Amino acid sequence: MTEIKVEIKPQDNDYKIFIGYNILTEIRKFIDKYFSKKRIVLLCDSNIKKIYKDIITGDLEISKNNIFVFPKGESSKSTKMKEKIETDFLNHEVDRNSLLLTFGGGVTGDLGGFIAATYYRGIPFIQIPTSLLAMVDSSIGGKVAVNHNMGKNLIGAFYQPKAVFIDTKTLETLPQKEYINGFSEIIKTALIRDKKYFIFLKENLELILKRDINIVQKMIKRSCEIKAEVVSLDEKEGGLRKILNYGHTIGHAIEKLSNYKIHHGFAVSIGMNIENRIAESQGLISSMERKEIEEFIIRSGLPVKIPKNIQPDDIIKKLKYDKKSVSGIPRFSILKGIGNCLFDIEVDKTVIKSSLNNQIL
Ligand SMILES: NC(=O)c1ccc[n+]([C@@H]2O[C@H](COP(=O)([O-])OP(=O)(O)OC[C@H]3O[C@@H](n4cnc5c(N)ncnc54)[C@H](O)[C@@H]3O)[C@@H](O)[C@H]2O)c1
């Protein structure tokens, strides 16, 4: 089992990411060691409950009355669902002496983490991500949130987990579309921070898509290291952490305008392509680099173009509500070469518009 430390100030907020194959039984040992006096409750979506019910009650030893389930999908990331689960917790007498396990994809981690942040003014939680996206991105860094009608992740908190357990065996049940969805965030981490890692991804793409376990473990480890490093340097997104939003300014707007029918990673890959065009027009990346990335994204099975039913003007309107916007003016995190990313970049509306206009399916 590999361990990566996420350093958060004050130091007692530090935690470890454990990565390995078939390590779910280790979670029980960890809980018995550090949280033996707590009541253990688990939150998962309907899909994970169906696939993993024996493991939840077996390896994780969670009794039936401590398992809480919500309908799968992004629409569950809402204040309404948060309140419903909290009411379920209260009805089942889940008290402040409880530890919450969030077992599932990014929706479970974001929703469950936000519940943990506010339930009885905060109870500890452990992330057990099961989608590739959650393993390399959403489970690390303590951003927990639900969506609002006006935009994504607008209501939330910074609330760090006590540990993250990544069992790569759970990827065996993950549908390929969800796997590729998570790969989009992996491409992102490489592009913003580590050119060598981007070359590794390019050279190993076939094995990655076939889910060769050795390559997959290496890839997850490197992505987690990058995320952990960025978060350790800037937990509350005062500066550097904004680079993790590369591809997300346009991506979130597309995701919202599609009514969440476009998966997060797919919206981000379109966002990366558009934002690279903006970077190219500002002289921050060369046309060769832009094309190299675009070709790689396409080879991975991810989209780069905006679906016809989404209008550029609507995307521009949505940018006002992006959480990085200042007084309604969007700020971008954009590449300056492969492996390097700038943040807080204001871009002229006409540049945004022309980058969008060329990219409709
Ligand atoms: N907090 C953050 O820093 C952060 C970062 C990136 C993304 N996110 C959020 O993450 C969310 C997307 O996460 P997601 O793509 O994991 O969505 P998700 O949680 O909805 O999971 C996608 C689907 O895959 C299923 N699934 C998950 N693991 C599985 C497995 N091992 N086997 C079979 N099925 C499995 C789920 O049940 C679900 O149906 C978005 O809401 C996004 O905003 C948050």
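The largest cavity is lined by Met 150, Gly 151, Lys 152, Leu 154, Thr 249, His 252, Ala 253, Lys 256, Lys 318, Tyr 321, Asp 322 and Lys 323. The model is a predicted one, and the structure holds one cavity of 30 Å³ or more. Two elements, β8 (151–158) and α10 (248–257), each supply at least two residues of this cavity's lining, and α10 gives the most, with four residues.

The second largest pocket is lined by 24 residues, and those that lie nearest its centre are Asp 14, Tyr 15, Lys 16, Phe 30 and Lys 162. The elements that give two or more residues to this pocket's lining are β2 (15–20) and α1 (24–34), with the largest share, five residues, coming from α1.

The table sets out volume and lining for each space.

| Space | Volume | Nonpolar | Polar | Charged |
|---|---|---|---|---|
| Largest cavity | about 130 Å³ | four residues | three residues | five residues |
| Second largest pocket | about 400 Å³ | eleven residues | two residues | eleven residues |

Turning to the interior, the largest nonpolar core has 72 residues, and Ile 17, Leu 132, Phe 183 and Ile 220 are those with the most contacts inside this core. Helix α9 (residues 213–233) provides the largest share of the core, nine residues. When neighbours within four places in sequence are left aside, Phe 183 is in contact with Leu 132, Leu 201, Leu 205, Ile 208, Met 219, Phe 296 and Ser 300. There is also a second, separate core of 23 residues, which includes Ile 23, Phe 103, Ile 126 and Phe 165.

Key:
Residues numbered from 1 in each chain as written. Predicted model: local features only at pLDDT ≥ 70, side-chain atom pairs only at ≥ 80, totals over all residues. Heavy atoms only, no water. Core = buried A, V, L, I, M, F, W, Y, C linked by side-chain atoms within 4.5 Å. Buried < 20%, exposed > 50% of the residue type's maximum accessible area, 1.4 Å probe, protein only. Contact = heavy atoms within 4.5 Å. 1 Å grid on protein atoms, 1.4 Å probe; cavity = no way out; pocket = protein on both sides within 12 Å on 5 of 7 lines; lining within 4 Å. Points joined across faces, edges and corners; volume = space filled by probe spheres on them. Nonpolar A, V, L, I, M, F, W, Y, C, P; charged D, E, K, R; others polar.
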